[in-house]
Amino acid sequence: MIRVGVNGYGTIGKRVADAVRAQPDMEVCGVAKRSPNYVAVGATEAGYPVYAADDDRAHEFAAAGIDLAGSVDKLVAESDVVVDATPSGVGAENRPLYEHHDTPALFQGGEDATVAEVSFNARVNYDEAEDADYVRVVSCNTTGLSRFLAPLYENYGIEKARVTLVRRGGDPDQTGRGPINDAVPDPISIPSHHGPDVQTIFPKLDIDTIGLKVPTTMMHVHTVNVTLENEPDDVTEIRDRLRSEDRILTIPEYAGIDGAGTLKDFALDAGRPRGDIWENCVWEESITLRGRDLYCMQAIHQESDVVPENVDAIRALSGHLTGPESRSLTNETLGIGFSRLDGRESRTLDRQTAD
Ligand code: NAD
């Protein structure tokens, strides 16, 4: 059993802890939290030993009736691997703590790529993490783009990718974020940082990205244009390749899923924990071919798509399963893949092919 400590128990940390607990070869040895809020109460109710990230605030946990198992230092010492899911920039400050205890660690996409030896996506470069001690699981957007681009890159080659990222203003618990009533170029300059971040996974990929922020907490939506090096036979060939990817859900027309809101409703109906959608959600009707130019739209659930990637990165560090073995085990234990949408054809795509 790989003993996993989670340092930073917020949006990503709590999900990673639950996903780790679902694995047959891992256990959660504890979670470190800074403030004794409702999420900390949830951690104790879930049965996770809670450690204080900040010793000076340990008394606040006692006042809230939360028993502490110790300080974060002890958690790191007792863990085989630490998943650092603290806010952006804090992970880099924590690295000396992990080095001090000789404990391998994962960092998240809010950290600069220099925080770790490898930037990680399970579909693309699992093997590169096998010899590493420190790995950065790339951000939600970079994870979503890497999964989408991988089968295109491998099968057709990519001359140039252009992506516009329409990003949620904040997560549901981020009450102070915005915009409230606007659509904001973010950043105004082009390219946004997302393209260079994708290049930490695909170093030779030519990609430009443009970012905006809009008033929703649901999901990010990407509009993607990829100029392929080699032309596919037809659009259904692309659709079928995307369908066969384990962490891509292609949404057929009949389903009536017309946006991020219906996607979240679908996930809740399907009984997904917290309404999470670990897969990229690609609208089949949006997949369009003009010669070597491919167009498409996909939605990315920012709170959860990196969760299976963290689980796989833990295994990559420990080196006891191959990438495909780990992905398959993670998918099976979490229930990745909405089989209820399988087996239905998409009328619009069939029309495109007939044309
Ligand atoms: P969050 O604010 O929801 O959670 C961070 C947690 O860490 C909170 O519980 C906070 O109290 C705690 N914390 C703060 N300082 C700490 C410290 N010094 N030591 C230990 N814990 C501390 O943040 P998040 O959204 O989960 O983001 C975590 C990381 O994951 C960031 O790098 C972020 O960029 C990345 N990420 C976030 C998302 C997303 O959409 N939320 C998606 C992908 C990646």
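Here is a short exchange about the ligand site, the pocket and cavity, and some backbone details of this predicted model.

Me: What makes the oxygen–Thr11 pair a polar contact?
Reply: An oxygen atom of the ligand is 3.0 Å from a polar backbone atom of Thr11. The cut-off is 3.5 Å between N or O atoms, so this pair counts as a polar contact.

Me: And what about Ile12 and Lys33, which atoms take part there?
Reply: With Ile12, a polar backbone atom lies 2.9 Å from a ligand oxygen. With Lys33, a polar side-chain atom is 3.0 Å from an oxygen of the ligand. Both values are within 3.5 Å, so both pairs are polar contacts too. As for cover, the ligand taken alone exposes 820 Å², and the protein buries 83% of that.

Me: Which residues come nearest to the ligand?
Reply: Thr11, Ile12, Lys33, Arg168 and Asp171 come nearest, out of 20 residues around the ligand. By class, that shell holds seven nonpolar, nine polar and four charged residues.

Me: Where does the ligand sit, and what does "sits in" ask for?
Reply: The ligand sits in the largest pocket. The phrase asks that more than half of its atoms lie within 2 Å of the pocket's grid points.

Me: What is the volume of the largest pocket, and which residues are closest to its centre?
Reply: The volume is about 1,400 Å³. Of the 49 lining residues, Ile12, Ala85, Thr86, Pro87 and Ser88 are the closest to the centre. Elements giving two or more residues to the lining include α1 (11-21), β2 (26-33) and α7 (140-155). The lining has 16 nonpolar, 19 polar and 14 charged residues.

Me: Why is the other space called a cavity and not a pocket?
Reply: A cavity is where a 1.4 Å probe fits but cannot get out, whereas a pocket is open. By this rule there is one cavity of 30 Å³ or more, and the largest cavity has about 40 Å³ of space.

Me: What makes seven residues of the cavity lining charged?
Reply: The lining is Arg123, Arg147, Glu245, Asp246, Arg247, Ile248, Glu309 and Arg327. Asp, Glu, Lys and Arg count as charged and Ile as nonpolar, so the lining divides into one nonpolar, no polar and seven charged.

Me: Which peptide bonds are cis, and where are their prolines?
Reply: The bond from Asp186 to Pro187 is cis, with omega near 0 degrees, and the bond from Ile190 to Pro191 is cis, with omega near 5 degrees. Pro187 is in the loop between β10 (184-185) and α8, and Pro191 is also found between β10 and α8.

How values were computed
Residues numbered from 1 in each chain as written. Predicted model: local features only at pLDDT ≥ 70, side-chain atom pairs only at ≥ 80, totals over all residues. Heavy atoms only, no water. Near = heavy atom within 4 Å. Polar contact = N/O pair within 3.5 Å; in protein donor to acceptor, adjacent residues only side chain to side chain. Areas by Shrake-Rupley, 256 points an atom, 1.4 Å probe, with all protein chains shown as cover. 1 Å grid on protein atoms, 1.4 Å probe; cavity = no way out; pocket = protein on both sides within 12 Å on 5 of 7 lines; lining within 4 Å. Points joined across faces, edges and corners; volume = space filled by probe spheres on them. Helix = DSSP H or I, 4+ residues; strand = E, 2+ residues; numbered from the N terminus.
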